[in-house]
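Reader: I'm new to this one. Could you show me how to read it, a feature at a time?

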Amino acid sequence: MNDFMETPIAFIIFNRPDKTRQVFSEIAKARPKKLLVVADGPRCDRTGEEDLCRETREIIDLVDWDCEILKNYSDVNLGCKRRVSSGLDWVFDTVEEAIVLEDDCLPDQSFFMFCETLLDRYRHDENIMCISGDNFQFNNNSCKDSYYYSRYTHIWGWASWRRAWNRYDVSMSQWPDYKASGKIKSNFDSRLAAWYWTRIFDSVYRGDIDTWDYQWLFASLRHDGLNVIPQVNLISNIGFGDDSTHTKEVNRFSNIKTEAIKQPLIGPLQKIYNAPADNYTESKMFSGTWAGIILRKLSNALRK
């Protein structure tokens with residue numbers, strides 16, 4: 001095989017060599033000409049983590065194709081929020097566009113073609129913020145198109161451009177004004193969803209959640225962005241479990257089976273978000289889960 005992928009791949013790693021090795025194996029099949037690697041440093045209070053981080057980084061040295069490797073490694077532990085956000089700042093300062101994979105996001109090989117094709121198709125379309133490899137519909141809301149448009153920035157394997165990432169602000173400094181304007185209510189189709197996301201964004205703004213990804217969703221919502229979601233799932237998250245930072249409990253979203261997407265890629269005729277698909281995701285993954293349970297319990301308590 002002599003073909004090389006033109007689009008740079010950004011690979012975010014930490015302390016899980018086994019999972020990193022699996023994802024790296026799929027990246028190696030794609031043979032990108034440029035690989036940008038972001039790594040966090042070990043936590044000083046975790047015995048053995050320095051060795052795990054070193055073993056994980058050594059996997060990158062296994063590149064055996066013609067590839068420019070750029071490394072952004074931290075000697076100290078920055079945590080999920082600061083390490084991923086600063087790493088992605090570096091990625092998009094270095095290249096105009098990139099495919100992004102974390103160490104637990106195992107792609108189908110067609111994911112790379114999907115991203116590369118649509119990065120080119122929407123390169124100058126300011127409305128499109130992100131191309132995702134995830135599909136959380138579980139065979140619901142299927143259609144004849146290869147993908148649909150969504151409000152959500154699913155990030156278990158995704159791609160974007162510098163022009164879109166320039167809208168990202170890890171501190172969410174615009175959130176208080178946006179919240180006061182009431183615009184959050186127009187972003188979603190139910191009061192429950194607006195309530196749920198208001199509280200999520202409040203927590204992120206206060207610094208209660210050590211994460212970077214909710215800020216990416218907020219950037220998309222604030223700029224009325226659309227995000228591309230494939231009609232089949234192209235990424236399996238293999239990272240659920242005790243060694244994960246956020247996804248510790250195995251659930252229906254862990255290890256979802258992947259499926260190859262077919263060429264040519266056919267897009268929707270109308271450039272609007274797919275409301276049934278988004279509302280399904282909202283109900284199964286976001287406000288319809290624990291937030292809905294909390295509200296029902298509160299409502300029942302108030303009736304007594």
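Author: Sure, starting with burial: a residue is buried under 20% relative accessible area, exposed over 50%, and partly exposed in between (1.4 Å probe, protein chains only). By that rule Tyr178 and Phe218 are both buried, and buried residues make up 52% of the 304 residues in the protein chain. Keep in mind that this is a predicted model, where local features need pLDDT of at least 70 and side-chain atom pairs count only at pLDDT 80 or more, while totals for chains, interfaces and linings use all residues. Residues are numbered from 1 along each chain as its sequence is written, and side-chain values use heavy atoms, leaving out hydrogens and water.

Reader: What kind of aromatic pair do Tyr178 and Phe218 form?

Author: Rings of Phe, Tyr and Trp (its six-membered ring) pair if their centres lie within 6.5 Å; planes under 30 degrees apart are stacked, over 60 edge-to-face, and the rest tilted. Here the pair is edge-to-face, with 5.4 Å centre to centre and 90 degrees between the planes of Tyr178 and Phe218. Tyr178 sits in helix H6 (residues 175-181) and Phe218 in helix H8 (residues 213-222), so the pair ties together parts 40 residues apart in sequence.

Reader: How many aromatic pairs does a search of the whole structure find?

Author: It finds 32. One aromatic cluster includes Tyr178, Phe218, Trp175 and Tyr214.

Reader: And how many helices and strands does the protein chain have?

Author: These are DSSP runs numbered from the N terminus: helices (H or I) of at least four residues, strands (E) of at least two. The protein chain has 10 helices and 10 strands.
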